[in-house]
Amino acid sequence: MKHLFCLFLFAVWSLCGMHAQHVFTLDTKKLGAEIQPTMYGIFFEDINFGADGGLYAELIENRSFEFPQRLMGWNTFGKVEVNDTHPAFERNPHYVTLSDAGHPERRTGLENRGFFGIGLKSGMEYHFSLYARSAGSAKIRIELVGSDNEIIARQSIEINGSTWNRYTATLTSTKTDAKGLLRLFLESKQSVDVDHISLFPGDAWQGVLRADLVNDLKELHPGVFRFPGGCIVEGTDLATRYQWKHSVGPAENRPLNINRWNDCFPYRLYPNYFQSYGLGFYEFFLLSEELGAQPLPILNVGMACQYQNLTNDQCHVAVDSLQPYIDDALDLIEFANGETSTPWGKLRADMGHPQPFNLKFIGIGNEQWGPLYAERLEPFIKAIRSRHPEIKIIGSSGPSPDDNDGKQFTYGWNEMKRLKADLVDEHYYRDPQWFLNNVTRYDRYDRKGPKVFAGEYACHIDVKASESPTARNCFEAALMEAAIMTGFERNADLVHMATYAPLFAHVEGWQWRPDLIWMDNLTTVRTPNYYVQQLYAQHRGTHVLKLTEEGKPITGQDGLCASAVYDQSNKRYIIKVVNTSDSPKEVTITFRGLKQVGAGEVIQLHAPQMETFNTIQNKEQVIPQSTNIQVEGNELQTTIPAKSFMLYKF
Ligand code: AHR
């Protein structure tokens, strides 16, 4: 409310003929470059428990007993054995046998604490299922239990039959508890084999994705959805790379993979971090459709993570042995777009989506650099171009946005030009000053080559230490991102996509920060960075407009960065101004070509301090504040408060 009042005051005061420090001119007569619908999007990687334990709504950890320590995540009591004879699922062959504990006062069973506890919400139904078989008639009791050991819900299942069958039960929670658990008791003398023990909340999107996180994504309005990463595409070695074919078909038979971030950082060790692939490529395409975002898969180029194999070039596939990897790319295009009479198109239809997913882009290689990459990418490009000239191919320029660290950024770009990649993926996790210096980055780029995909970026206050208290999603970082995005927007003829990274982090399970959206087991929190992305994506516009001061673009002079667009569909002018300085700026914006600007809205993103960030407990420290404004004639006189991001629309 205080914010609203201040906004109102400065709007009124601004109409009273103050002396402007800055005079901007907006040329409304001439539409500039078209802005791609893919301009602002999302980057998803299974890092920070983003998939299992995050977006994938499964509440049971190690549901298939396939973790290398088969019972990791489970407490057992009584007589429980791990077996793999005549399994239910050939690619996930382990299961457990529950047998009589051998004494009337003893019990056999299992207990699972989910991912940092099982989040239970009062009044919510939970869908339980398992696969089981028994030589006779067996009975299992299932309980949802609170963190205080109180039984919250209970059901029983009768198991009959010596072949594997799926059994289900619904339990309604009467309590909210972030740290609940699931217990199973054998209630018969007869033993039983059980596998794929699963529990999903009743509100899960399509039954499988966490509803609140899906909602956060919807309200971002992403135009493109990059998946599944990130380094996870590469794997520490090729055996553990992300293989999309392992992530489709029945979830029960998708083979487990170790997560690349499991043991990556000794100071953020998560030995229980694996990929069930329950959130796989089919779910990715479905969600892209729901979000109205172009799906953008990134596939392995036959290379393991270069960072993790700096002295071992032999860890990659030989160039003459790349065919299976190239086939993976071609088959993925068929899975997404192929006729249902093709093998992969048929699988898509069998999974429930006969219509094509309308895939238009594919990325080959994640954060690859040097000749090792270029020589592998080349045969992919040839094969995809010859079979699918309609698909746009994205290549990498490596992990760095310049040549300062030997990762061959310029070489990478030159190779992408030579290979005629359609877009080049750039990554930058850099400090605030770098972000400000790079507001003009794309003004200087060659217009004849590939387009730009800013495929991973985030402002890191402390680039060296993700453990540092400043490595947060603080307002300062968000403000710098808003500043550089004025440069993306002004250069929309060249910059066709941009995705902040990473997307999700669990407050108890992160390996990397900052991240766009944080969650615990019950709720999520939108960061100031989220709101910057949202404001840009919601106000993407259709065409760039020229916005200048003394004939020059506004790229940091006196701490101001600004850009403008026209939205043809809604007939709106939108101006974004970032003030990174310590003092308010009085600005007059002349709408050249308009007589009357009229009624509009101004949205401000500001924080009491640059260090301020939103938390699960205090989600609204930094949120956009909106107010209505009225401009008589064609001049907007306004004040851009110190350290703030302002968006005007008329
Ligand atoms: O976003 C986190 C990591 O940063 C990604 O996995 C990788 O591509 C980059 O180094």
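In which strand is His 196 found? His 196 sits in β13, a strand that covers residues 192-201. The model described here is predicted.

## Backbone features

His 196 has a positive phi of about 45°. Yet His 196 is not a glycine.

Two peptide bonds are cis. One runs from Phe 227 to Pro 228, with omega near 5°. Pro 228 lies in a loop. That loop follows β14 (224-227) and leads to β15 (257-258). The other cis bond runs from Ala 501 to Pro 502, with omega near -15°. Pro 502 is also placed in a loop, between β22 (495-500) and β23 (504-506).

## Around the ligand

Pro 502 appears again at the ligand, as one of the residues that surround it. The other residues around the ligand are Phe 43, Glu 45, Gly 230, Cys 231, Trp 261, Asn 366, Glu 367, Tyr 429, Glu 456 and Trp 512.

Three side chains place an N or O atom by a ligand oxygen. For Glu 45, the distance is 2.6 Å. For Tyr 429, it is 2.7 Å. For Asn 366, it is 3.0 Å.

## Helices α3 and α4

Two packed helices are described by the angle between their axes and the distance between the axes. Helix α3 spans residues 281-291, and helix α4 spans residues 323-337. They pack at about 50°, with axes 11 Å apart. That angle makes α3 oblique to α4. Their crossing is right-handed.

Which residues of α3 meet α4? They are Phe 281, Tyr 282 and Phe 285. Their partners in α4 are Leu 332, Phe 335 and Ala 336. By class, this contact has six nonpolar residues, with no polar and no charged ones.

## Helices α6 and α7

Helix α6 covers residues 370-387, and helix α7 covers residues 409-418. The angle between them is about 15°, and their axes are 10 Å apart. The two helices are therefore roughly parallel to each other. α6 passes α7 in a right-handed crossing.

On the α6 side, the contact involves Gly 370, Pro 371, Tyr 373, Ala 374, Leu 377 and Glu 378. On the α7 side, it involves Tyr 411, Glu 415, Met 416 and Arg 418. By class, the contact of α6 with α7 holds six nonpolar, one polar and three charged residues.

Key
Residues are numbered from 1 along each chain as its sequence is written. This is a predicted model: local features need pLDDT of at least 70, side-chain atom pairs count only at pLDDT 80 or more; totals for chains, interfaces and linings use all residues. Side-chain values use heavy atoms; hydrogens and water are left out. Axes are lines fitted to C-alpha atoms, for helices over the stretch in contact, and angles run from 0 to 180 degrees between N-to-C directions. Helices (H or I, at least four residues) and strands (E, at least two) are DSSP runs, numbered from the N terminus. Angles under 35 degrees count as roughly parallel, over 145 as roughly antiparallel, 65 to 115 as roughly perpendicular and the rest as oblique. A crossing is left-handed if the near helix is turned anticlockwise from the far one by less than a right angle, and right-handed if clockwise. Contact means heavy atoms within 4.5 Å. Ala, Val, Leu, Ile, Met, Phe, Trp, Tyr, Cys and Pro count as nonpolar, Asp, Glu, Lys and Arg as charged, and the others, Gly among them, as polar. A residue is near a molecule or strand if one of its heavy atoms lies within 4 Å of it. A polar contact is a pair of N or O atoms within 3.5 Å; within protein, one must be able to donate a hydrogen and the other to accept it, and residues adjacent in sequence count only if both atoms are side-chain atoms.
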